[in-house]
Amino acid sequence: MEPGRELRVLEFTKIRERLAAYCVTPMGAALCEALTPHRDFAEVSRALAETEEAVVLIAYMGGQPLVGFGDVREHISLAEKGASLSPRALLDVAACLRAARTARVALVKEREDTPILTGLASRLTALAGVEQEINDAILSEEEIADRASAELSTIRRQIRSANERMRDKLNNMIHSSSYAKFLQDTIITMRGDRYCIPVKAECRANVPGIVHDQSATGATLFVEPIAVVEMGNDLKQLRAREQQEIARILQALSGQLAPHADALRSNIDILNHLDFAFAKGMLAKEMRASLPKLNQRGYIRIIRGRHPLIDPQKVVPSDLWLGDEFTTLIITGPNTGGKTVTLKTVGLFTLMAQAGLHVPAELGTEMAVFDHVYADIGDEQSIEQSLSTFSSHMKNIVAIMQQVTARGLALFDELGAGTDPTEGAALAQTILQSLLAKQVRTMATTHYSELKAFALSTPGVENASVEFDIATLRPTYRLSIGIPGKSNAFEISRKLGLPDALIEGAKQLLSQNDVRFEDVIANAEYHRQIAERERKMAEETHSETVRLRDEAEKLRREMEESREKSLRKAKEDGKRVMENARREAEAIISELKALKKQAQTPEHEVQALKKRMEKGLDELSEGLAMPSAAHFIAPKTVRLGEHVEIVNLKTRGTVLSLPDNKGEVLIQAGIMKLKAHLSQLRIVEPAKEKKSTVLAKTGAATRSVPLELDVRGMAQDEALPEVDRYLDEATLAGLHEVSIIHGKGTGVLRTGIQRHLKGHMDVKSFRLGIYGEGEDGVTVVTLK
């Protein structure tokens, strides 16, 4: 067979052309154009991994990181031999050095997902010093910078000075009255590299000097006046020195490259390979291709594969598998229905994958590594060799049958066509049987009904078909594996206007077996299409159900988050209100004590404190009236003495007043009295029966015993007798639990009282107050 024929027939050469277009160097493009599939599994795996790394880096960096440069290998060889390079050649070498430096900076990172390309880039040699010297010395291929050397800068400064002196001299001459009358014009011009003035031909004798040129008419002579000839000679010498210095600079820059010749060649090889790798990545991105899985067992599974050379807006994705339950696939269907495209897609995907290219299919696609891909596709009849279509195909088939092995993939388009249908079908069946016996992965397209029956009755062989829409007389290009295709010749002819009588006559010529076989195929296709439509409807319904479920779940999470957020805010607001109320109450109590110690306290000050207390209670009630996110049933009303919980504050208390017109209730919570709205209350069971006031009889007198004793502001020796007296009265009154308010302060009074309580005969136990009871400023005493 013709070498590389399969690459051309399966259009792999066009893929290489598209790949080369993404390269930024001519050497990288050459690598792309010479790309051929690998046969070794490890090489294929490495090539695909390299492409995947390029795709990852392109996505990360937003594009490929390489910059273009020309082929400088010849320049490097000349420099190595001691030759002086031209400014253009040195600039090209500097561009190569810049490409190596930028690639190394961009790719040598601490990445774990790109070991191949990072390893390649780490081998690049950056010669930043040489690159900088070339760029500093050479401005363009025609201009060397003054800063290239101190000597060049000095010479050019002298040249500028000499030019200025000569022009000044000549300007004085052409504007003087003694010379102006001999000149055609008062200008200074250049002839060669000499300064001249235009002298009238008839006045030549009046202007001594050297004639360098004359006008076309001979009326004007261009004369270098004798007065500036010596200055012109000096200028010429300076320019010669300038060229010598430029040559020396170019030689020195070229000499700097020679020691690094091997490193530069290595850089070029690495950059070319990186260019090739990133071209593969760019092509994969453009085709929306994916990394295929690889296997060595001849199994192919393509998921929604798209032929890369068909317009992406028009191509119909196909699913296809081969090499597991069956090794031979026979595709039938009408002409222009996509049978040949399917063959080419499988062959081209195989070549692309084995060349290290991603394939335009979905993730999960799996490709096998074959020793060779054989293809007999298209009409290649040769007039020069006097070969017919059949002979041309048969020549290819003979070569395939001689070379194919179990590790090969064979593709046949219209196998057995171009000759007598009966003989062609028999020949095609025999060829397929031979390939089946060798376990060769085979795909063939055909119109022969005999091959459809062969596939139905032979293990390891499967039918497939491409759909055709009778209503529109157009193929749908969808591939269906497991169902043979129907030719649809009669239906197409009827749609196109062939009389029914002729169609019926043709049907009469078919055997009953052929008719029944075609009917079975038609019935199977009809039910397959119905099943496909129902499957799509089920998928759409499932997708809609999943979408609604996700939306409902999202809404539920949002509501839950909103509820928790509201609850947190309510708790924080409640705590803040309680803290403000506590501080305000302590301040009022302190002021009351101070007023108590003063004699004749004015009434208006007492009323002001009372108003402050009422205002604090109102603000506390407003804070407690904030809605809570917790779920509970609020009472419609409450009774005096009933035990309730203030939900926002998780604080329990006793009802002291019935709800007012605002629905607010006065509650005794520990040592504090506060207002709360009915909506924030929950009825609870009392822990112990408590009474806010107890009547104690001492002698003939009857007086009330409060639930707390306030000794703040007293010294320890004053407070202890008051505590003893209060505990005696509380015990006589039958109280179970009382509170002693001593304040926080330095803790001396609290420590002394608690030490005293430890040995008191009426005390069962005691503890510090909790939140809502006064905390460390209160000791709660349990009596015996």
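Let's start inside, with strand E13 (residues 408-412): all five of its five residues are buried, so the rest of the structure largely encloses it. Buried here means under 20% relative accessible area, with exposed being over 50% and partly exposed in between (1.4 Å probe, protein chains only). Strands like this one are DSSP runs of E with at least two residues, helices are runs of H or I with at least four, and both are numbered from the N terminus.

A word on what you're looking at. This is a predicted model, where local features need pLDDT of at least 70 and side-chain atom pairs count only at pLDDT 80 or more, while totals for chains, interfaces and linings use all residues. Residues are numbered from 1 along each chain as its sequence is written, and side-chain values use heavy atoms, with hydrogens and water left out.

Back to E13. In a regular strand, side chains alternate between the two faces of the sheet. Both faces of E13 are covered: Gly408, Ala410 and Phe412 are buried on one side, and Leu409 and Leu411 are buried on the other. E13 also has strands paired with it, and pairing takes at least two bridges found by DSSP. Strand E12 (residues 372-376) pairs with E13 in the parallel sense over five bridges, with His372 standing opposite Gly408. Strand E14 (residues 441-446) also runs parallel to E13, joined by four bridges, and here Leu409 stands opposite Arg441.

How does the chain get from E13 to E14? Helix H15 (residues 421-437) completes a right-handed β-α-β unit with the two strands. Right-handed means that, with the strands pointing away from you, the path from the first strand over the helix to the second runs clockwise. In the loop between E13 and H15 you'll find Leu415, which counts as buried at 3% relative accessibility. Leaving out residues up to four places away in sequence, Leu415 touches Ile397, Ala428, Ile431, Leu432, Ala444, Thr445, Thr446 and Tyr448; touching, or contact, means heavy atoms within 4.5 Å.

Two residues of E13 lead us to the core. In soluble globular proteins, nonpolar side chains tend to be buried together. A nonpolar core is a set of buried Ala, Val, Leu, Ile, Met, Phe, Trp, Tyr and Cys residues joined through side-chain atoms within 4.5 Å. The largest one has 48 residues, and those with the most contacts inside it are Phe12, Leu19, Leu329, Met352, Leu409, Leu411 and Met443. Helix H13 (residues 339-354) gives this core its largest share, seven residues. Take Leu411: beyond its neighbours within four places in sequence, Leu411 is in contact with Leu10, Leu343, Gly347, Val373, Tyr374, Ala375, Asp376 and Met443. Another core lies apart from the largest one, with 45 residues, among them Leu66, Ile76, Val93 and Ala94.

H13 is worth a second look, as Phe349 is found there. Phe349 is buried, with a relative accessible area of 0%. Its C-alpha atom is 9.1 Å from that of Pro308, though the two are 41 residues apart along the chain. Pro308 is also among the residues that Phe349 touches, including Ile302, Gly305 and Met367.

Now for two other helices. In helix H8 (residues 128-137), the buried residues are Val130, Glu131, Ile134 and Ala137. They cover an arc of only 145° around the axis, which puts them on the same side of H8; the arc is that of the directions from the helix axis to the C-beta atoms. Their cover includes helix H6 (87-107) and helix H11 (226-257). Helix H3 (residues 26-33) buries Met27, Gly28, Ala29 and Cys32, and these pack against helix H2 (12-20), helix H5 (73-80) and helix H12 (261-287).

Further along the chain comes strand E25 (residues 737-741), mostly covered, with four of its five residues buried. Strand E24 (residues 708-710) runs parallel to E25, joined by three bridges. The chain crosses from E24 through helix H21 (residues 716-732) to E25, in a right-handed β-α-β crossover. E25 also pairs with strand E27 (residues 778-783), in the antiparallel sense over five bridges. Ile740 stands opposite Leu709 of E24 and opposite Thr779 of E27.

Finally, step back. The protein has 22 helices and 27 strands, and 42% of its 784 residues count as buried.
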